[in-house]
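Here is a friendly walk through one structure, taken a few residues at a time. Keep the viewer open and follow along.

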Amino acid sequence: MTLKQRYAAAALAAITALTLSAPFDTADARVRRGQASAHTERGNVTARSEVRRERGTRTRDATMTGANGRQRNVHDERTRGDNTYTHDRVTTYNDGSQRTVDTDVLRTGQGEYSASREVTGRNGETRVQTGEFERTRTENGHTLTGDINTTNHGQIDYQRDVSREDGVRSVNSSATFEDGTAITRSSSGSCADGSCSSSGVVTARNGNQTTWDQSRTRTENGAVLSRDITYADGTTRAVDRERAGNGDGTGTITRTVTGRDGETRTQTGEYEVERTP
């Protein structure tokens, strides 16, 4: 995902958060804790996280330890107020360096929003993206249009069309740059009888295309996910993942990845999830 796509996705998520009513707004504080370990060819990987939901706020703290013993900590906080939404994320790496991402959205009118995203990298450099967006309803969905101003890429015209018909959700988006080149993305997906499938294509500014197909099926005690990606040069990457739960918040995960070079690696692990209250 490119920088422009990440900004547009962040703005879209924020606008959606303002548009839709969050179910945890009227709920008491809820906490979900999880831990997992995975066995890889390079060694063991562990992760712990805690998610706390309160009225208008969701906070997540996570710690990941790699096979080499290095740690990465993430603090992620989302807050929704009257006509405002903020999403702040701080990642602290093993050497003490940090990467911060701050996103702010303000509803300025009926279906109108302004958004800003500020990213400070591990090297201390900061880049800022700002935008003005308008969301309008259509006969079978909605359209989001906006102008994005970036530090490194100038002005970008963005449009995203979403439609639903006969149980299929289709999304088409485009980001057009000042030189006339564009990045486009088209996808469609549907769910039925415990199984969801989707496919799509991304066309880069140089015309190269990347396509994908994905499916997720619920099983008696878990789920199976399959994702296949085909790149512009004809190479492919496949990911298959299976989760099997024990019914008590614990379970196992198996993940098999076949890379573009044809090599396959498998990771296995265990997980545990605790919810309170």
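Asp-193 sits in the loop that links β12 (182-192) to β13 (195-203). In this predicted model, Asp-193 has a positive phi of about 55 degrees, although it is not a glycine. Is Asp-193 buried or exposed? Its relative accessible area is 84%, and because anything over 50% is called exposed, Asp-193 falls in that class.

Now move back along the chain to Asn-83, which lies in the loop between β4 (71-81) and β5 (84-92). Asn-83 is another residue other than glycine with a positive phi, this one near 65 degrees. With a relative accessible area of 38%, Asn-83 is partly exposed; that label applies because the value lies between the 20% and 50% limits.

A third loop is worth a stop. Asn-152 is placed between β9 (141-150) and β10 (154-165), and at 55% relative accessibility it counts as exposed. To see what lies across from this loop in sequence terms, pick out Gln-129: Asn-152 and Gln-129 are 23 residues apart in sequence, and their C-alpha atoms are 9.2 Å apart in space.

From the loops, turn to the interior. Which residues make up the largest nonpolar core? There are 12 in all: Tyr-85, Val-105, Tyr-113, Ala-115, Phe-133, Leu-144, Ile-148, Ile-156, Tyr-158, Ala-175, Phe-177 and Ile-183. At least two residues of this core come from each of β7 (112-120), β9 and β10. The strands β9 and β10 are also the ones on either side of the loop that holds Asn-152.

Terms used
Residues numbered from 1 in each chain as written. Predicted model: local features only at pLDDT ≥ 70, side-chain atom pairs only at ≥ 80, totals over all residues. Heavy atoms only, no water. Helix = DSSP H or I, 4+ residues; strand = E, 2+ residues; numbered from the N terminus. Buried < 20%, exposed > 50% of the residue type's maximum accessible area, 1.4 Å probe, protein only. Core = buried A, V, L, I, M, F, W, Y, C linked by side-chain atoms within 4.5 Å.
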